[in-house]
Amino acid sequence: MNIIPFESGLMLAGILFMLGLISVLIRRNIIFMLISVEVMLNAAGLAFIVAGSRWAQPDGQVMFIFILTMAAAEVSVGLALILQIYHQLKTLDTDAANKMKG
Amino acid sequence: MIFYIASAVAIFSTIMVITRYNMIHALLYLVVSFLAVSIVFYVLGAPFMAALEIIVYAGAIVVLIIFVIMMLNLKQESVEQERKWFTKNIWIGPGILSVILLGELIYIIASDPQTIVMGAQAVDAKNVGMSLYGPYIIGVELSGLLLMAGIVGAYHLGRQKKKVVHRFLKTAEE
């Protein structure tokens, strides 16, 4: 079977990243914004895997493991922050949290 | 060909993620998107990363988000609406996309693995491990620190503030 072009893999990563970025910009629900950040991190990892596959080096997959670890830590802290926001403001709307306290 | 079908499924399901109004429906499409990206990883010659993608992303992270949605206990989610939501056109979209991915998976298993991997060369988990614990050992240790900070931070932020009153003070107030 023929080798897929390097550009199409990067294009897929770019499209997924763009979709995540659009969703972060247009959504007001904070959980949807967190999900979109996950989509963007996944697209960045996909770009690393594509590059690692292009040059047959393990460095891309190592970077993907680091991105995976960072995404896990980020989502746990982010969900804890969402819980605090929901308990204090009783809503998931990000526009409700536009004032700093103190 | 497998790569392009999986890419189309990934892009379509991601578009469905960012256009849903219901969070659980969006998460359903998100799982399908991660499964499609995992097949892309396999085709690109990274089978271990494909397994990690399913285990960590589609398994742990999505389940974590679902648990938090359950803990938020949103008001409009009543039993009546749950019955109304669980209709055919809710799960038919992720179902069809998952069946497409299942067909690709069966094709991959049934055919010779040397012909499927379309990258320049498959990089197996052994090389990744040698590189991870060789030149990247400082990154592994920093990842451990990051996970520890994440655990402590999530516990600290997610704790409910409870007002603790000593029992002598409580009787004195009453």
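Here is a short walk through a two-chain predicted model, with a suggestion at each stop for what to select.

Before you start clicking, note that residues are numbered from 1 along each chain as its sequence is written, and chains are lettered from A in the order in which they are written. Because the model is predicted, local features need pLDDT of at least 70, side-chain atom pairs count only at pLDDT 80 or more, totals for chains, interfaces and linings use all residues, and side-chain values use heavy atoms, with hydrogens and water left out.

**Stop 1: chain A**

Select chain A and color it by secondary structure. You'll find 3 helices and 0 strands, running α-α-α from the N terminus on. Helices here are DSSP runs of H or I with at least four residues, strands are runs of E with at least two, and both are numbered from the N terminus. The radius of gyration of chain A is 17 Å, well over the 13 Å that the globule rule gives for 102 residues, so chain A is more spread out than a compact globule. That radius is taken over C-alpha atoms, and the rule is 2.2 Å times the number of residues to the power 0.38. Along the principal axes, the C-alpha atoms fill a box of roughly 55 × 25 × 25 Å.

Now switch on the surface. Of the 102 residues in chain A, 48% count as buried (under 20% relative accessible area; exposed is over 50%, partly exposed in between, with a 1.4 Å probe and protein chains only).

**Stop 2: a loop in chain A**

Zoom in on Ala56(A), in the loop between α2 and α3 of chain A. Its phi is near 55°, a positive value in a residue other than glycine. Most residues other than glycine have a negative phi. Ala56(A) is partly exposed, with a relative accessible area of 23%.

**Stop 3: chain B**

Over to chain B, which has 9 helices and 0 strands. Buried residues make up 36% of its 174 residues. Take contacts (heavy atoms within 4.5 Å) between residues at least 6 apart in sequence: in chain B, 71% of them join residues at least 24 apart.

For a close-up, select Val32(B), in helix α2 (residues 23-43) of chain B. Is Val32(B) buried or exposed? It is buried, with a relative accessible area of 2%. Show its neighbors: leaving out residues up to four places away in sequence, Val32(B) touches Val9(B), Ser13(B), Pro94(B), Leu97(B), Ser98(B) and Leu101(B). Gly95(B) is 63 residues away along the chain, yet the C-alpha atoms of Val32(B) and Gly95(B) are separated by 8.9 Å.

**Stop 4: where the chains meet**

Select α2(A), residues 30-54, together with α3(B), residues 47-72. They pack at an angle of about 175°, with their axes 12 Å apart, and are therefore roughly antiparallel to each other. (Angles over 145 degrees count as roughly antiparallel, under 35 as roughly parallel, 65 to 115 as roughly perpendicular and the rest as oblique.) Residues to show as sticks include Ile31(A), Glu38(A) and Asn42(A) on one side and Met49(B), Tyr57(B) and Leu72(B) on the other. The contact divides into 10 nonpolar, 1 polar and 2 charged residues. Here Ala, Val, Leu, Ile, Met, Phe, Trp, Tyr, Cys and Pro count as nonpolar, Asp, Glu, Lys and Arg as charged, and the others, Gly among them, as polar.

Keep α3(B) selected and add α3(A), residues 59-89. Their axes come within 10 Å and cross at roughly 0°, so these two helices are roughly parallel to each other. By class, this contact has 21 nonpolar, 2 polar and 1 charged residues.

How values were computed: Axes are lines fitted to C-alpha atoms, for helices over the stretch in contact, and angles run from 0 to 180 degrees between N-to-C directions.
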